[in-house]
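Me: I'm new to reading protein structures. Could you help me see how the labels follow from the values?

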Amino acid sequence: MADDGSASNRRDPIKSSVGNVAGQRRRQQAVTVAKERRELLVRAKRLCRVGTNGDVEDALVENEMMVDEEQPILEAQASKSVEELKSAVQYQGKGAMQKRVTALRELRRLLSKSEFPPVEAALRAGAIPLLVQCLSFGSPDEQLLESAWCLTNIAAGKPEETKALLPALPLLIAHLGEKSSAPVAEQCAWAIGNVAGEGEDLRNVLLSQGALPPLARMIFPDKGSTVRTAAWALSNLIKGPESKAAAQLVKIDGILDAILRHLKKTDEETATEIAWIIVYLSALSDIATSMLLKGGILQLLIDRLATSSSLQLLIPVLRSLGNFVAVDPKAVLTILIREQNTEESIIGVLAKCLRSEHRVLKKEAAWVLSNIAAGSIEHKRMIHSTEVMPLLLRILSTSPFDIRKEVAYVLGNLCVESAEGDRKPGIIQEHLVSIVSGGCLRGFIELVRSPDIEAARLGLQFIELVLRGMPNGEGPKLVEGEDGIDAMERFQFHENEELRVMANSLVDKYFGEDYGIDE
Amino acid sequence: MAMGMAVDTVGELGFPFWNPIRRRFSPDSPFFASGNVERELLAKQVALDLTEDEINHLQKFVETESRRTSCPIVGCPERLKSLDHFEDHYNARHTASCSVCSRVYPTSRLLSIHISEAHDSFFQAKVARGYDMYECLVEGCGLKFKSYKARHRHLIDKHKFPSTFEFFKKTQLSKKRREKLQRQHVPRLKHEDDKEAASSDAMEVEDKSSVDGLVSALSTLTTSDTTPSNVSFGRRHGRGLTFVPRSVHKEKRTESSSAPGPTN
């Protein structure tokens with residue numbers, strides 16, 4: 001689409017007679033359609049920028065080759081387009097508005113049709129100050145929209161390109177206001193979302209300039225693509241790791257209600273963005289956590305986990321659940337008691353995640369279970385009596401390493417009472433016996449052999465439980481039977497002192513001379 | 001083989017027994033890294049353009065929709081397709097516009113700040129007496145200042161606004177307003193920009209306070225309802241505005257002034 005000059009002239013009369021409103025709708029649909037296709041291109045861009053290993057660099061070279069011929073042309077067009085915008089902005093006579101919109105539209109097209117839009121060329125030609133001028137109050141919607149669109153795509157690129165939007169931020173924020181037309185507000189939210197996605201410094205600037213309240217209010221309506229875009233931008237803005245944005249968000253009147261309402265009812269795409277907001281709130285704001293719990297969020301999260309099969313949605317919902325569980329076991333207990341063993345129960349949905357083929361779901365579901373299992377004896381009993389047990393045992397022997405580690409936490413937590421003070425935590429023999437007879441010992445000894453310090457430590461701790469807690473002194477034999485002694489002896493001269501001492505002390509105590517294995 | 005010690009080497013001080021504790025991770029913890037991969041790819045999103053086909057399809061769609069009514073607000077040329085569009089349009093154009101000078105603002109708050117600062121003589125009187133009247137523009141901040149400049153400084157220092165930022169000085173008139181002005185041969189104001197790009201239809205000017213200029217400008221104005229607003233600009237604290245007759249600026253313009261009549 002190098003030069004559609006003649007074509008666009010032919011089209012221009014059609015566009016202007018149709019007027020601003022039709023233009024609005026067109027933009028609206030453009031925005032909607034655009035988002036459905038964004039993933040591919042953005043993915044390509046991000047991969048090429050990251051470039052840490054050979055594969056990615058090859059991809060980079062390939063892309064560069066494809067683009068080499070086109071790029072200089074695009075860049076020249078971009079510069080020209082900015083020049084035309086400059087003169088359009090200066091022009092004050094008849095048809096000035098149309099001139100401006102046409103120039104903006106041309107620039108926008110150049111910035112949104114290829115994998116490598118000529119952002120740098122546009123910036124060098126001085127696009128930003130012009131785009132800022134085009135955002136001034138009272139400008140026609142089409143102009144605002146095209147300008148915000150250009151800024152959106154400029155901000156979607158490299159860090160320095162995103163930073164170039166700094167002069168535009170106050171205006172973009174202002175146009176989020178309740179009097180702006182929906183497509184304009186949405187496009188500005190999109191641009192702001194890109195800026196927030198760049199990094200903490202820019203997030204801080206946005207927060208200082210007051211971006212949060214108007215953006216948050218954009219998620220109050222029941223539906224619409226504007227809600228989705230604003231929620232996405234909001235999630236970028238509060239992601240932290242500093243907690244001040246999350247704290248500010250909680251204070252906005254009605255925001256938590258809106259979040260709960262959307263979590264309950266809205267479509268999966270919007271719910272995904274809302275769920276990410278919940279992830280950050282539950283991790284960064286204690287106030288938000290307790291208020292959301294009071295608002296019944298746990299059941300809503302469980303319902304979503306039960307009914308959805310969209311990985312994009314399940315990940316943040318599961319993680320939110322994990323964050324809440326990590327903080328408030330009492331709330332979890334209430335839910336556990338209320339609905340035991342049904343598919344919609346918390347254990348049921350976690351089992352669903354454990355059965356999933358996606359490793360992220362498996363791993364994080366196990367993490368959630370481990371936190372529940374770290375609770376009271378009732379919590380442990382509830383897990384132990386359900387269908388997750390065979391699942392966990394199977395995962396311990398088959399799954400990738402990081403998932404196995406999480407499962408190890410669950411199983412170990414199930415066997416031990418939570419410690420009171422300094423006393424040695426008591427073993428729950430019933431659980432220990434059933435888990436060991438389910439065949440978990442080998443898996444734990446495997447962990448002892450792994451190079452990961454945390455995993456080895458877990459393995460040794462579990463072995464200690466077995467050695468100490470199995471009835472009738474069966475422990476040592478069982479451990480020996482799975483080559484446990486061998487695994488522990490590898491630590492005799494291990495560089496990690498703690499592990500060395502742990503392993504050696506176990507071997508000393510339980511496999512000493514009295515044991516009868518003299519070599 | 002180590003000697004079996006009489007003393008229990010595995011005691012309270014020795015072995016770290018398994019102790020169930022809840023583990024909490026911060027959002028950027030490496031624990032969540034694999035789950036974050038997809039999300040990180042969406043940290044920035046490009047707004048793509050439609051293909052030619054899609055545009056054509058939409059055009060046809062749009063052309064077949066012929067029923068459109070005019071906005072009922074007097075003087076508004078907008079033509080609307082449905083109630084939804086009307087509500088949108090009404091919200092955007094007719095509820096946050098200044099009734100004195102027709103400027104449009106995206107929020108009620110900004111509108112009300114504009115009205116106070118630009119059209120309220122009581123406001124100016126209080127400013128003259130040294131009250132802190134200029135509100136910070138950032139919602140929730142609450143601070144007020146004695147002068148426009150002081151507030152500007154605050155926005156830059158405290159809220160990290162860019163130093164090139166201008167909310168209330170450089171604004172663009174709505175189409176309606178511009179048409180009106182052109183019909184009345186009201187001289188256009190130009191903004192003397194320091195660092196920024198070429199001037200737009202800026203309404204206000206960085207003044208070298210000239211009473212003469214003000215007087216001559218006033219004399220060219222018709223007695224329309226727009227007159228009072230122009231005068232009040234001149235009384236803004238410390239930075240009076242001047243209307244410079246259009247003829248003076250003619251040579252600076254790229255385009256000569258247009259003939260009276262509605263622009264479209």
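Reply: Happy to! Keep in mind that this is a predicted model.

Me: Why is A:N472 called exposed?

Reply: Exposed means over 50% relative accessible area. A:N472 has 72% relative accessibility, so it counts as exposed. You will find A:N472 in the loop between helix 28 (453-469) and helix 29 (475-481) of chain A.

Me: And what makes A:D483 partly exposed?

Reply: The label covers values between the cut-offs of 20% and 50%. A:D483 has 46% relative accessibility, so partly exposed is the right label. A:D483 sits in the loop between helix 29 and helix 30 (484-489) of chain A. Its phi is positive, about 60°, although A:D483 is not a glycine.

Me: How do you know that helix 19 of chain A is largely enclosed by the rest of the structure?

Reply: A residue is buried when its relative accessible area is under 20%. In helix 19 of chain A, 14 of the 17 residues are buried, so the rest of the structure largely encloses this helix.

Me: Why does the span of helix 19 of chain A agree with what is expected?

Reply: Helix 19 covers residues 311-327 of chain A, and at 1.5 Å a residue it should span 24 Å. Its end C-alpha atoms are 24 Å apart, so the two agree.

Me: What is the crossing of helix 18 and helix 19 of chain A like?

Reply: Their axes come within 10 Å and cross at roughly 150°. The crossing is left-handed. The residues of this contact divide into 10 nonpolar, 1 polar and 1 charged.

Conventions:
Residues are numbered from 1 along each chain as its sequence is written. Chains are lettered from A and ligands numbered from 1 in the order in which they are written. This is a predicted model: local features need pLDDT of at least 70, side-chain atom pairs count only at pLDDT 80 or more; totals for chains, interfaces and linings use all residues. Side-chain values use heavy atoms; hydrogens and water are left out. Helices (H or I, at least four residues) and strands (E, at least two) are DSSP runs, numbered from the N terminus. The expected span of a helix is 1.5 Å times one less than its number of residues. Buried means under 20% relative accessible area, exposed over 50%, partly exposed in between (1.4 Å probe, protein chains only). Axes are lines fitted to C-alpha atoms, for helices over the stretch in contact, and angles run from 0 to 180 degrees between N-to-C directions. A crossing is left-handed if the near helix is turned anticlockwise from the far one by less than a right angle, and right-handed if clockwise. Ala, Val, Leu, Ile, Met, Phe, Trp, Tyr, Cys and Pro count as nonpolar, Asp, Glu, Lys and Arg as charged, and the others, Gly among them, as polar.
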